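Student: I should like to learn how to read side-chain contacts and helix packing in a model of this kind. May we proceed feature by feature?

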Amino acid sequence: MPKRVDHEERRTQIAEALVRVAGRRGLHAVGMRDVAAEAGVSLRLVQYYFQTKEKLLFYGLQHLTDRFTARVGARLSAVGPDPGPRATIEAILLASLPTDEESRTFHLLYSSYSILSVTDDALAAQPFIDNPDAAENALTGLIRQAQEAGLADPDADARTEAISLLAMTATMGTSILVGQRQPESAVAVLHHHLDRIFTTARRPAPGGPPAAGEGRRVDG
């Protein structure tokens with residue numbers, strides 16, 4: 001009786017081979033023949049599942065995203081059953097920093113794909129990600145949730161803070177990749193900004209003295 005082929009398992013096998021070889025050589029230098037050799041399968045088989053290199057790269061990116069989601073989930077599970085808004089944001093941001101081999105590969109390939117899609121018409125024709133604002137919307141919602149619970153500065157603009165955190169994390173991730181910054185330094189910077197956001201504003205009571213840090217107006 002012929003052995004049944006699990007097509008999704010075979011696709012995953014090829015995608016993981018792409019991730020490994022691209023992590024070593026760079027996404028731009030990877031061909032379908034390289035991926036076939038890494039996966040231990042024929043070029044014809046890779047072409048059967050992914051008719052073009054662009055489709056293979058896009059599937060590989062989706063595979064990376066799934067692995068990233070699992071990594072965030074593992075961080076949250078380690079925190080406990082109810083991690084709260086700050087711990088959830090921290091898990092998302094720290095998982096995207098290249099602090100180990102897997103997260104380094106994720107950051108490298110994700111950045112490479114986004115850059116290649118700017119100049120490669122075939123890649124540009126594919127959606128880079130299904131919902132490009134998903135992370136921004138998620139962080140914005142978490143910050144607003146914390147504000148409503150009195151756990152974050154009520155005067156902070158949640159959307160602006162979310163955009164800033166994501167942009168800062170992406171930039172620091174690149175600086176780690178090129179050796180400009182150590183992971184510990186990037187983590188410290190993130191904690192600094194999270195401490196700033198997740199600190200309730202001190203408001204003076206009506207008619208009372210100004211809150212710490214507020215100056216008094218002196219006329220004349």
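Student: Which side chain meets that of Glu-38 in a salt bridge?

Tutor: Please bear in mind that the model is predicted. In general, one looks for a Lys or Arg side-chain nitrogen within 4 Å of a carboxyl oxygen of Asp or Glu. Here the partner of Glu-38 is Arg-24, with an N to O distance of 2.8 Å. The two residues belong to distant parts of the chain, Glu-38 to helix α2 and Arg-24 to helix α1, 14 residues apart.

Student: How many salt bridges does the structure hold?

Tutor: The number is nine. Among them is the bridge between Arg-25 and Asp-34, where the closest N and O atoms are 3.2 Å apart. Another joins Arg-86 to Asp-195, the closest N and O atoms lying 2.8 Å apart. That pair also links distant parts of the chain: Arg-86 is in helix α5 and Asp-195 in helix α10, 109 residues apart.

Student: Which salt bridges form a network through shared partners?

Tutor: Those that join Arg-20, Arg-24 and Glu-38.

Student: What is the relative accessible area of Arg-24?

Tutor: The general idea is that a residue counts as exposed over 50% and as buried under 20%, with partly exposed in between. Arg-24 has a relative accessible area of 55%, so it is exposed. Its partner Glu-38, at 25%, is partly exposed. Arg-25 at 43% is partly exposed, and Asp-34 at 26% is partly exposed as well. For the other bridge, the values are 23% for Arg-86 and 41% for Asp-195; Arg-86 is therefore partly exposed, and Asp-195 is too.

Student: Let us turn to a helix. What span does α4 reach from its first C-alpha to its last?

Tutor: Helix α4 covers residues 53-79, 27 residues in total, and reaches 39 Å, close to the 39 Å expected at 1.5 Å a residue. Just after this helix, Gly-80 takes a positive phi of about 145 degrees.

Student: Which residues of α4 are buried?

Tutor: A useful general idea is that an α-helix has 3.6 residues a turn, so residues three or four places apart point the same way. In α4 the buried residues include Leu-57, Leu-61, Leu-64, Phe-68, Val-72 and Leu-76. Polar side chains are on the list as well, among them His-63 and Arg-71.

Student: Against which helices do the buried residues of α4 pack?

Tutor: They pack against α1, α2, α3, α5, α6 and α7.

Student: How many aromatic pairs are counted?

Tutor: A pair of aromatic rings is described by the distance of the centres and the angle of the planes. The count here is four. In one of these pairs, Phe-68 and Phe-106 are stacked, with 4.9 Å centre to centre and 10 degrees between the planes. Phe-68 lies in helix α4 and Phe-106 in helix α6, so the pair ties together parts that are 38 residues apart in sequence. Phe-68 counts as buried because its relative accessibility is 15%, and Phe-106, at 9%, is buried too. With Tyr-110, these two residues form one aromatic cluster.

Student: Over the face of which rings does Arg-11 lie?

Tutor: One reads such a contact from the distance between the charged end and the ring centre. Arg-11 lies over the face of Phe-50, 5.2 Å from the ring centre. The charged end of Arg-11 also sits over the ring of Tyr-59, at 5.7 Å from its centre. Tyr-59 is one of the buried residues of α4.

Notes
Residues are numbered from 1 along each chain as its sequence is written. This is a predicted model: local features need pLDDT of at least 70, side-chain atom pairs count only at pLDDT 80 or more; totals for chains, interfaces and linings use all residues. Side-chain values use heavy atoms; hydrogens and water are left out. Helices (H or I, at least four residues) and strands (E, at least two) are DSSP runs, numbered from the N terminus. The expected span of a helix is 1.5 Å times one less than its number of residues. Buried means under 20% relative accessible area, exposed over 50%, partly exposed in between (1.4 Å probe, protein chains only). Contact means heavy atoms within 4.5 Å. Rings of Phe, Tyr and Trp (its six-membered ring) pair if their centres lie within 6.5 Å; planes under 30 degrees apart count as stacked, over 60 as edge-to-face and the rest as tilted. A charge sits over a ring if NZ of Lys or CZ of Arg is within 6 Å of the ring centre and within 35 degrees of the ring normal.
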